[in-house]
Amino acid sequence: MSERSIRGKVAVAGVGETTYYKRGQSPDAEFLLGLKAIVAACDDAGISPKEIDGFCSFADDRNDPSRLSAALGIKEMNLSSMQWGGGGGGAAGVLQNGAAAIAAGYADVVVCYRALAQGQFGRYGQGPQVPYIQGERAFTSPYGLMSPAQMFAMKVVRFMHEHGIKQEALRALSMASYHHAQNNPRAVMNGKPLTEEKYDNSRWIVEPFHLFDCCMENDGAAAILLVSAERAKDIKQKPAYILGAAHGSGYRAAAPVHNSGDYPSSNFSTVAPHLYRQAQITPEDIDVAQIYENFTGGVLMTMIEHGLCKPEEANDFFQLDNLIAQGGKLPLNTSGGNLAECYMHGLGLQIEAIRQLRGQSTNQVKDAKIALAAAGPMVSPVSTIIYGTEDTL
Amino acid sequence: MTNALPGTSPEKLVFPDQSPDTTYQDFLRNNQFCIQHCNECQNFLFYPRLCCPHCSSVDLEWREASGKGTVYAVSIVRQRPEKGGDHNVVLVDLDEGPRLMSRVDGIPNEDVKIGMKVKASISVNTDEDGDTRMVVFREA
Ligand SMILES: [Zn+2]
C-alpha cells in the first residue's frame with residue numbers, strides 16, 4: 001500500500017439522529033426518518049441542507065440520493081455512493097467513501113446516512129422465509145442454522161476455545177453497553193440496567209450468546225456530515241478529523257459454508273494495519289473505542305484484531321471496570337452501542353466517537369483526543385475509522 | 001483465445017453435465033458419503049464445486065470419504081420445544097482435509113466437545129416431499 005493518507009484532510013462537521021424507537025414503532029416512514037436525521041446533522045454543523053452535494057450510504061439503504069436531493073432542495077448532486085456488504089460492515093466504510101470524495105474534489109459537503117423502519121419494510125434478525133433452499137443454505141439450513149446469531153456463534157466458540165477466553169468476557173462487554181445506556185437519555189435501554197445475575201439468568205439464543213449478547217433491532221435514522229479540513233474551520237462544532245479509514249477483509253473471508261481459512265476471526269486482521277499506518281498512531285494511543293456489537297463475541301475479536309488487547313490477556317482485560325467511561329482503561333461503547341442505545345446499523349457508534357472528541361458524550365471520557373470506531377465484525381467487508389481532535393493533527 | 005482457468009490445461013476444461021450439488025445428493029441417495037478430490041493438486045474438497053479452490057483445476061473426481069473426522073467447533077442452538085427444541089451444530093474437519101457443517105447424534109448436546117473424534121453416517125428424513133438425506137456424525 002502507498003504512503004498516501006486521508007489523515008487530517010476531512011472533518012466531521014455535524015451529526016444528526018432521530019428519536020430511536022423499538023423495531024416497528026416509528027411513527028414516521030423510513031424516508032422521512034432519513035430526511036430528519038440529515039437536517040439535524042446540518043443544523044448541528046450550521047450548514048444549510050441545500051449545500052449538501054454528496055450522498056453516501058451502506059447496507060443497501062433504500063433511501064435513494066436522487067429522491068433525498070429533491071426533498072432537500074439540493075440544486076446539484078455531485079456524488080452518490082453505496083458501500084457494498086450486508087449487515088453493518090459498512091458503517092465506517094460509508095464515511096471512508098465520503099471522505100475520499102472530498103479529498104479528491106468530487107464533492108464539498110457529503111452526508112453519510114442510514115435510515116431504518118423495520119415496521120415498514122420487515123425485519124433483519126430472522127432467517128429469510130422461503131419455501132426452498134439452495135446454494136450455501138443447502139449445506140447449513142438442514143443443520144438448523146438460519147439466523148445471523150446462529151451463523152456467527154461458532155466463530156466465537158472457536159476463538160474463545162483457542163485463547164481460553166471465558167463467558168465472563170462476553171458478559172463484561174454486554175454490561176459495559178448497558179452501563180453507559182443508563183446515562184444516555186437517547187438510549188432505548190435507558191432505565192433498564194443489566195446486572196451479572198440478570199445476564200447469567202437470561203435465556204440462551206445460541207451458545208455462546210445469551211439474549212443480552214445480541215443487538216437490538218430498531219427504527220430511526222442517523223446522519224454524519226463531512227467537509228474538507230479547510231471548510232471545518234467555519235462550522236459551529238469542534239471538528240473531529242478523520243485520521244485513518246480502512247475497509248476490506250482477507251483472503252476468502254466470505255467463503256461460503258463456514259469455509260474461510262481464518263475462520264475464528266472478525267475479519268479485521270488485514271484492515272487494522274492500514275488504519276494505523278494512515279493515522280500514524282499505535283493502538284496504545286486510542287482513548288476511547290466504539291465497536292459494533294452485532295454480538296458481543298464479535299466485539300471481543302475486533303478489539304484483539306485491532307491490537308487493543310492481547311488474546312492471552314483477554315480474561316483480565318474484558319472486565320466491566322476496564323471498559324467504562326468513568327475511569328476505565330479503555331472505555332467502550334460509551335453511548336450504549338447497538339446493544340443498548342440503538343441499532344442504527346452501527347452509525348450511532350460512529351456518532352458517539354465524534355461526540356467523545358467534541359466533549360459532548362453523556363459518558364464523557366476525560367480529555368479524549370483519539371477515538372476508534374469499528375463496524376460489522378465477522379461480515380465482509382468490515383470497516384473502521386480513527387478520529388482525532390485538532391490537537392492530534 | 002482460451003477460457004482456461006489458472007492451473008488448468010484447456011483440454012481438461014470439461015465441466016460436468018449436472019451440478020456437483022446434485023451429484024453429491026445422488027451419492028447420498030445411494031448411501032454413499034462422497035467428496036471431491038482434485039487430481040491436479042491432490043487436495044480433497046467440500047462443499048461440492050466446479051473447480052478446485054486450491055489450484056483452480058476442474059479435474060475433480062468423486063471419492064467415498066472415510067467419514068472420520070474431528071469436531072472443530074460446536075454450538076447449541078436453543079429453541080422452544082414446539083420449534084424442535086435445542087440441538088447441536090458442529091463444524092467437522094474430515095481426516096481428508098475439508099471442513100463441513102453437521103451435527104453429532106447419540107449424546108447430549110452439552111457433551112459434544114471441540115477435538116472429539118467422530119464418524120459419519122447418513123440420516124434419512126421423510127416428509128410429504130419424499131426423502132432427504134444428510135450427513136450426521138456420532139462419537140467415534
Ligand atoms: Zn487442486
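**Exercise 1.** How many residues does the largest nonpolar core have, and which have the most contacts inside it?

*Solution.* The model is predicted. Step one: join buried nonpolar residues through side-chain atoms within 4.5 Å. Step two: take the largest nonpolar core; it has 143 residues. Step three: rank by contacts inside this core. A:Leu226, A:Met303, A:Phe318, A:Ile386 and A:Tyr387 have the most. Step four: look for the largest share. Helix H5 of chain A, residues 148-163, supplies it with 9 residues. Step five: turn to chain B. Domain 1 (15-64) and domain 2 (68-139) both give residues to this core, so the core lies between these two domains.

**Exercise 2.** Find the contacts of A:Leu226, leaving aside neighbours within four places in sequence.

*Solution.* Start with A:Val10, A:Ala11 and A:Val12, which are among the contacts. Others include A:Leu95, A:Gly98, A:Ala99 and A:Ile102. A:Asp108, A:Val109, A:Val110 and A:Cys112 are also in contact with A:Leu226, as is A:Ile242. Apart from the largest core lies another, of 30 residues. A:Leu35, A:Ala221, A:Ala232 and A:Ile235 are among its members.

**Exercise 3.** Work out the strand order of the open sheet in chain B, then place helix H1 of chain B on the sheet.

*Solution.* The sheet has 3 strands in the order E2-E1-E3, with antiparallel pairing. Now the edges: E2 (44-45) and E3 (60-64) of chain B each pair on one side only. Next, the pairing of E1 (residues 34-38) with E3(B): 5 antiparallel bridges. B:His37 has B:Glu61 in E3(B) as its bridge partner. Last, the helix. H1 (residues 20-29) of chain B packs on the sheet and touches E1 and E3 of chain B. The direction of H1 makes about 20° with that of E3(B).

Notes
Residues numbered from 1 in each chain as written. Chains lettered and ligands numbered in written order. Predicted model: local features only at pLDDT ≥ 70, side-chain atom pairs only at ≥ 80, totals over all residues. Heavy atoms only, no water. Buried < 20%, exposed > 50% of the residue type's maximum accessible area, 1.4 Å probe, protein only. Helix = DSSP H or I, 4+ residues; strand = E, 2+ residues; numbered from the N terminus. Domains from an automatic or database assignment. Contact = heavy atoms within 4.5 Å. Pairing = 2+ DSSP bridges. Axes fitted to C-alpha atoms, helices over the stretch in contact; angles between N-to-C directions.
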